[in-house]
Amino acid sequence: MLKNMGFMTKIDTNGSNPEGLEEIINNGLVDYIAMDIKTTMDKYESLTGFKGIDKIISSIEIIKNSSVNHEFRTTINKNYHTIDDIESIASLVKHHLYILQPYKYTPTVLDKNSAGEEDTDTEYLKTIREILLSKGYENIFLRV
C-alpha cells in the first residue's frame, strides 16, 4: 500500500527469514535493506541463541545479489567482538556497504554482566576500520 502511494520503503532485518526477504525483494516492495550481522557465523548461536546460521548466510547472499540498495551492519561490543571477528564478517559481505556502529549501554540491557555497562569507544571502531581498509576491504563506514 505504501509503495502504491509513492512512498520509499526500508526494511531492517536480522536475516532470520530469507524466504520472506526474497519475496519482498522479488515483489518490488522495498527500496532499501539494512541487515544486522550480530557476530561471526561460528559464534552466532552462542551469542544470539539462533540456530539457523544457514538462514543468516542465505539472507546475506540474497541481499548481495539483489539490485536493492542495502547495508550490512554490526553493533560492536568489545566484550563480544574482536578485530578478527569483524574481519570475518567483513569477508562475508565483501565490498558491499558495511557499517560499524558502537554498542550503547542502556540500563535495560538483557545481560548487563555479559554486555557490560560501557559504550564502545569510537576510537576502537576507527582502529577496526583502518585495519580493514589496510587489508583491502572497501565500503567500511562508522555510524557513531
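**Core, pocket and selected residues of the predicted model**

N139 is partly exposed, with a relative accessibility of 34%, because this value falls between the limits of 20% and 50%. The structure described here is a predicted model. N139 belongs to the loop that joins α6 to β5 (140-142). The phi angle of N139 is positive, near 60°, although N139 is not a glycine. As a rule, most residues other than glycine have a negative phi.

K94 is another residue for which a positive phi is found in the absence of a glycine, with a value near 50°. The residue is placed in the loop between α4 and β4, and this positive phi comes just after the end of α4. The relative accessible area of K94 is 45%, so K94 counts as partly exposed.

The helix before this loop, α4, contains a set of buried residues, namely D85, I86, E87, I89, A90 and V93. Which elements do the buried residues of α4 pack against? Their partners are α3, β3, β4 and α6. In an α-helix there are 3.6 residues a turn, so residues three or four places apart point the same way. I86, one of the buried residues of α4, was examined for contacts beyond its neighbours within four places in sequence. Under that condition, I86 is in contact with T74, I76, H81, Y98, L100, I128 and L132.

I86 also takes part in the largest nonpolar core, which has 28 residues. Within this core, the residues that touch the most other members are I37, F72, I86, Y98 and L100. Two or more residues of the core are given by each of α1 (18-26), β2 (32-36), α3 (53-64), β3 (69-76), α4 (83-93), β4 (98-102) and α6 (122-134). Helix α3 contributes five residues, the largest share.

K64 is part of this helix, α3. Is K64 buried or exposed? Its relative accessible area is 14%, so K64 is buried, the limit for this class being under 20%. When neighbours within four places in sequence are left aside, the contacts of K64 are with H70, F72, L92, V93, K94 and H96. Among these partners, F72 is one of the core residues that touch the most other members, and K94 is the residue with positive phi in the loop between α4 and β4. V93, a buried residue of α4, lies 29 residues from K64 along the chain, and the C-alpha atoms of the two are separated by 7.4 Å.

The largest pocket of the model has a volume of about 370 Å³. Its lining is made up of 17 residues, of which K38, L47, T75, Y80 and Y103 are the closest to the pocket centre. At least two residues of the lining come from each of α2 (44-48), β3 and β4. Two of these elements, β3 and β4, are also among those that give two or more residues to the largest nonpolar core.

The aromatic rings were examined for pairing and for charges placed over their faces. How many aromatic pairs are counted? The count is zero, for a rule that asks for ring centres within 6.5 Å. Charged side chains do lie over rings: K78 is placed over the face of Y124, 4.8 Å from the ring centre. R129 is placed over the face of F141, and here the distance to the ring centre is 5.7 Å.

Helix α6 contains E130. The relative accessibility of E130 is 46%, so this residue is partly exposed. Ten places separate E130 from I140 in sequence, that is, the two are 10 residues apart, and their C-alpha atoms are 8.9 Å apart in space.

D121 is located in the loop between α5 (112-115) and α6. With a relative accessible area of 41%, D121 is partly exposed. D121 and D12 are 109 residues apart in sequence, and the distance between their C-alpha atoms is 24 Å.

G6 lies in the segment before β1 (10-13). G6 is exposed, because its relative accessible area of 61% is over the limit of 50%. Between G6 and I25, which are 19 residues apart along the chain, the C-alpha separation is 17 Å.

Terms used: Residues are numbered from 1 along each chain as its sequence is written. This is a predicted model: local features need pLDDT of at least 70, side-chain atom pairs count only at pLDDT 80 or more; totals for chains, interfaces and linings use all residues. Side-chain values use heavy atoms; hydrogens and water are left out. Rings of Phe, Tyr and Trp (its six-membered ring) pair if their centres lie within 6.5 Å; planes under 30 degrees apart count as stacked, over 60 as edge-to-face and the rest as tilted. A charge sits over a ring if NZ of Lys or CZ of Arg is within 6 Å of the ring centre and within 35 degrees of the ring normal. A nonpolar core is a set of buried Ala, Val, Leu, Ile, Met, Phe, Trp, Tyr and Cys residues joined through side-chain atoms within 4.5 Å. Buried means under 20% relative accessible area, exposed over 50%, partly exposed in between (1.4 Å probe, protein chains only). Helices (H or I, at least four residues) and strands (E, at least two) are DSSP runs, numbered from the N terminus. Contact means heavy atoms within 4.5 Å. On a 1 Å grid over the protein atoms alone, a cavity is a set of points where a 1.4 Å probe fits but cannot get out, and a pocket is an open set with protein on both sides within 12 Å along at least five of seven lines; lining residues have an atom within 4 Å of a point. Grid points are joined across faces, edges and corners, and a volume is the space filled by probe spheres set on the points.
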